[in-house]
Structures are given as C-alpha cells and as structure tokens.
Amino acid sequence: MNCQKLWALPVLALFTLASCSNEDTAQESNGKQKETPAGMTEFVAKEEVSTRTMGEYSGSGVDFYWTQGDKLWINNDGSLVQSSDEDITGKAANAKFSFTGSLNAQSYPVRYTGQGNSAGDKVTIKSEQDQAAPNDGSHIGTDGDCGTATATKGADGKYEFTLSHKASYITFTPYYSYEFSEDVKVTQIKVTADEVLAGTFDFDDNGLKLTSRESVSNSGKTITLKLNGGHPNGFTIPTSPAYAKNAAIMVLAPGTYNNFTVEYSLYDQKTAVAGTVTKNYGELTFYAGKNKKVAADLAVPHYASDIYYMWDAAVDQHIWKGYENDQLTLNDAKSSNYPKVATDSRWYNTAAYPTAASRSAANCPNANEIRWYVQHGDPHWDSSIWSITKHLYAGGMWLKKGSVIAAEQHKTSQDLKNAAPNGKNYTNGDVNSFKDYAISNTTITNGKPANLSNYIYFPAVGLYIQSGQDGQLKSVGSRAFYWSSTARPFTNLIAYNLLIEQGKVAAGYGARANAHCLWPK
C-alpha cells in the first residue's frame, strides 16, 4: 500500500432538511371513556391528527396523542376557564374535557397551553427539554406544545373541536454511515440561532404572540434536548436514518431564524470519550404546527483498520490482512492473530542499515526529514473527535507539510532528505549516527492551526506491540507512532519513527515488529 494514499477516506457529511406536514398515520387509545359528571358541559376532541398533544414521528410527520394531565381553557366572554375533568388515563387518540357550569353559546374559543400550565394566556417553550426514549414525544406537552381551536355546539349539546398546533417541531434522526458500536450514543442535541427560540410567550385565541420576541420573559436563543437523561446515556446511532431507533423531537417557537446551528453531543461508554458535531444551516423558517425533519450523517472523521504495519512490510499487508474481523477495538486488548514469523507477508523488512525501505514504507519520510518535522513543524494538538474500529476517540497533532517547511527554511525538498536541521545525514551508513538522533519538541500549540492546507494531521491512533505470542493494542487516543523509511544502525530489529502525543512530538526509533502507522497524506 502506498503510504501517500492511506488516509484518502472521505468524511461523509450529509445534513438534510425536509418540511413535513402532520399526517395521520397511527392511532392508539389506552384511555377509558367515562360519563360526563352532572352539571358539566362536555368538549370532545375530534379524531384528527392535529387534535392530539403527545408526538411520535411516523417517517413523514409527527402524529399527536392526548396524554394524561392534558387540560383545556375556553374563553367565555373574556374570562378564561380551565377544564375541571377529562377522561384521559393514558395515551389516547380521542379525549373529552368537561367544564363546570352551563355553557350555552354556539361556539367558544379553545386554548391548549401545555401540560401542567396554570395560565391560559402564557406558554413556555423550554430552553431545556428532555426525551426519555427514542421516538417518544410525550415530553412536548410540558416543553412548549400549544394550540387553539373553536369548539362548536352540536345537536346533542356537546362541543366539538379540532386543535390547531401553534408551536413548531424538529425531528432529528442522526446516523453514522461508517458505523458506531452500540456503546456510542448521541446524548443531547442543541440548537442555537440569532433570534429568540424559547421563553415564556404571551398567548391568545390566535396562538403565540411572536411580534416582539425580545420582550419574551426568560427568553433564550438556545434549546437543548437531552436524550434518555443525557450524559452518559443517550440514543444509539444507526448507519442510516432509522426514526424508530433514535428519533428526537424538539419544540421551538415558529419563525425565521438566522445562523441556525445544530450541535450533537456524542459519548462512547467504552472509551469514555465525549465530543460534538456541529452543522450551521444559515437561515431556516419554521411554521406553526409543522415539523421539520433533520437527517444528519454525523461528520466524524473515520480511519479504517488497514493503517497499522510492521516496518516496511509487503505492500497492502497490514497486520490485520486476512483477519479484518478480528481486529482489536479497545486499548490493552490482545490477539493471537498478530504476525509471528518472518514467512508471514505481514512481517517487517529485515534489511540491514543503511538499506532504505522498499515496500510499504518506501514513500514515508526518511530519518532526516523526521527531524525537520519535529523541529520546524509548528506542532498543534487538536482534541477533536474521530472514529476507528466503531469507537470514538479524540486527539491528534497537526504538523507543517514538508514542502512548507522547506520553503520557509529556504531549502528544497531534496535538501530535507539529504540532511537533518543539524547538518547530519542519518541515512548514509554511519553506524554511530543513532547516538544523537532522538530529539523532542514540547512547544505545542493547542487547537487547529489557522491555515490547515499547510499542515498534515496525525491522529493519535496508538500502536500494536508484541506481547509474548500476541499483539496488544496500546495508547489509542493518547499517542501514535509513524514510520520513517530508514532502518536504525547496529540491528535489523529497529527503525526510525515519529512520535506524537498531547505534550510532545519526537524523533526516535522503535521495534520493527511493532505495528505503527504509515505516513498520512
């Protein structure tokens, strides 16, 4: 395998938005019917999708249901009256509400201001929402769902109405096409915008009053939806959109928002690594009573399993060649499928110094160039997340490209090959050259460099070491070694390499039987 192509794995980042109407695709009734108490007037919700208040995503829209604790308000000549009795005992497609006293008008304005709300003229869209299970929108009634209707008297004296929802909704279905382990969860989803998304809004027979958002009390430009209680729990992340597995429903105020941003928080329960993935959508408009679907292929960089090689093994003969399904996934794990004998094509090159690499490591920098990277590479440690073997890890080093270093040092690329910064050539056959080779640079800048096109990224993907007859995975997420094309003097068992870790970048050497990475592109 050519080491210049090892990292040519594209990061697929597909974030799609679709506006969905609320279509009636499911009905369920777990509530029992009961008689209207004497002296009360009955208001009956018609069996239509928009009449319900709990939400479930159907794949095309949000289906609503009434849930226990829902109440209504009616506007009786300017006086707001709350329902005093209802028949909801569970999750129900139909519901009826009773109001004390005799009501004789032909129609009444109806309001739903959210579950547990003691005010008929206020609605609070919460800036912190919590969903307990995938595709379970039972929380939306307490997090800001609301609606209005006109109840009309029928021949039987009962009033019927169809609720028109006045909040807006987003259904998130994140996925990762490269595949995550079941241990990797999305723990919360946060949206932000330049305008007010949440707070306590005035509410009347027409719905939310949205004209003066800046005067909304307890206003917020961020809404956070915690999933299954949040960190470290959460919802699984499938390889394609699958709403039954992780649909997450958020309530927000209708309107047009600028700089609308969605942030997904991820956590790996095995590696204990947490991180975020963010997407900015620019301007988005949300309409009252409508749901917008957001299906996101999470933009987490992915590294394949074929990046670990013994020094200068045969091209394409990475240590898991032929044993891909047995590759280790977590630090300190061991495998007996690690190469053991020189007749294995995955075995390292036994050529003696100063013979250079001629196979898989042939295109990697030589020992002199490694020194240039260490001393003049302007190292930046980046704690961003990435994935390998279906797990989440974080951390890696940015170093300037060899061509950039050469230009800045007024050298040619060949000059960097011919001699290290100290003028010595560690590839020319001097068997004593290894004695002063090792060098470290601990001047590390945290964060990404400003001009990424001038740099190469080295993820901290660890290494494999020989442990008896087994191979053992070590240090993923904290350090990594990258091979050079130069063998080390005195023994045919060692070769020069580059070390990266959070506080250091170093030029050194390691056992050829260990599995390090080839040079990233």
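Let me begin with a single residue, Lys-400, which is buried, with a relative accessible area of 13%. Its salt-bridge partner is Glu-408, and the closest N and O atoms of the two are 2.8 Å apart. Glu-408, for its part, is partly exposed, at a relative accessible area of 38%, so this bridge has one buried residue and one partly exposed residue, given that buried means under 20% relative accessible area. I should say at once that what we are looking at is a predicted model, and I would ask you to keep that in mind throughout.

Staying with charged side chains for a moment, the count for the structure comes to 18 salt bridges. The general idea is familiar: side chains of opposite charge can pair when their charged atoms come close. One of these bridges is between Glu-42 and Lys-96, with 3.7 Å from N to O. Because Glu-42 lies in strand β2, residues 40–45, and Lys-96 lies in strand β9, residues 95–100, this pair ties together parts that are 54 residues apart in sequence. Are these two residues buried or exposed? Both Glu-42 and Lys-96 are buried. They also belong to something beyond a pair, since salt bridges that share partners join Glu-42, Lys-96 and Lys-158 into one network.

A further bridge is the one between the side chains of Asp-332 and Lys-474, at 2.9 Å from N to O. Here Asp-332 sits in the loop between β28 (308–309) and β29 (334–335), while Lys-474 is in strand β36, residues 470–474, and so the pair ties together parts that are 142 residues apart in sequence. Asp-332 is partly exposed, at 46% relative accessible area, and Lys-474 likewise counts as partly exposed, at 27%.

That brings us to the strands around this bridge. Strand β36 is part of an open sheet of 3 strands, in the order β29-β36-β35, with antiparallel pairing. Because β29 and β35 (463–467) stand at the edges and each has a single partner strand, one side of each is left without a neighbour in the sheet. Between β29 and β36, which run antiparallel, there are 2 bridges, and if you want to find the place on your screen, Ser-335 has Gly-471 in β36 as its bridge partner.

Now let me turn to another strand, β17, residues 184–192. With which strands does β17 pair in the antiparallel sense? With strand β24, residues 255–268, the pairing runs over 8 bridges, and in that pairing Thr-192 stands opposite Thr-261. With strand β22, residues 235–236, β17 pairs over 2 bridges, again in the antiparallel sense, and there Lys-185 has Thr-236 as its bridge partner. With strand β21, residues 222–227, the antiparallel pairing covers 5 bridges, and Ile-189 stands opposite Leu-225. For anyone who works mostly at the bench, the reminder is that strands of a sheet pair through backbone hydrogen bonds, either parallel or antiparallel.

Next, the aromatic side chains, of which the count gives 28 pairs. One of these is formed by Phe-458 and Trp-519, an edge-to-face pair with 5.0 Å from centre to centre and 75° between the planes. This pair links distant parts of the chain, with Phe-458 in strand β34, residues 455–459, and Trp-519 in the segment after β40 (516–517), 61 residues apart. Both Phe-458 and Trp-519 are buried. Elsewhere, ring pairs link Phe-43, Phe-99, Tyr-108 and Tyr-159 into a cluster.

Rings also come together with charges in this model. The charged end of Arg-488 sits over the ring of Tyr-509, at 4.0 Å from its centre, and the charged end of Arg-371 sits over the ring of Tyr-437, at 5.7 Å from its centre.

Finally, a word on cysteines. How many disulfides does a search of the whole structure find? The search finds 0 disulfides. Of the cysteines I can mention, Cys-146 counts as buried, at 0% relative accessibility, and Cys-364 is also buried, with a relative accessible area of 4%.

How values were computed. Residues numbered from 1 in each chain as written. Predicted model: local features only at pLDDT ≥ 70, side-chain atom pairs only at ≥ 80, totals over all residues. Heavy atoms only, no water. Salt bridge = Lys/Arg side-chain N within 4 Å of Asp/Glu carboxyl O. Helix = DSSP H or I, 4+ residues; strand = E, 2+ residues; numbered from the N terminus. Buried < 20%, exposed > 50% of the residue type's maximum accessible area, 1.4 Å probe, protein only. Disulfide = S-S within 2.5 Å. Pairing = 2+ DSSP bridges. Phe/Tyr/Trp six-rings, centres within 6.5 Å; stacked < 30°, edge-to-face > 60°. Lys NZ or Arg CZ within 6 Å of the ring centre and 35° of its normal.
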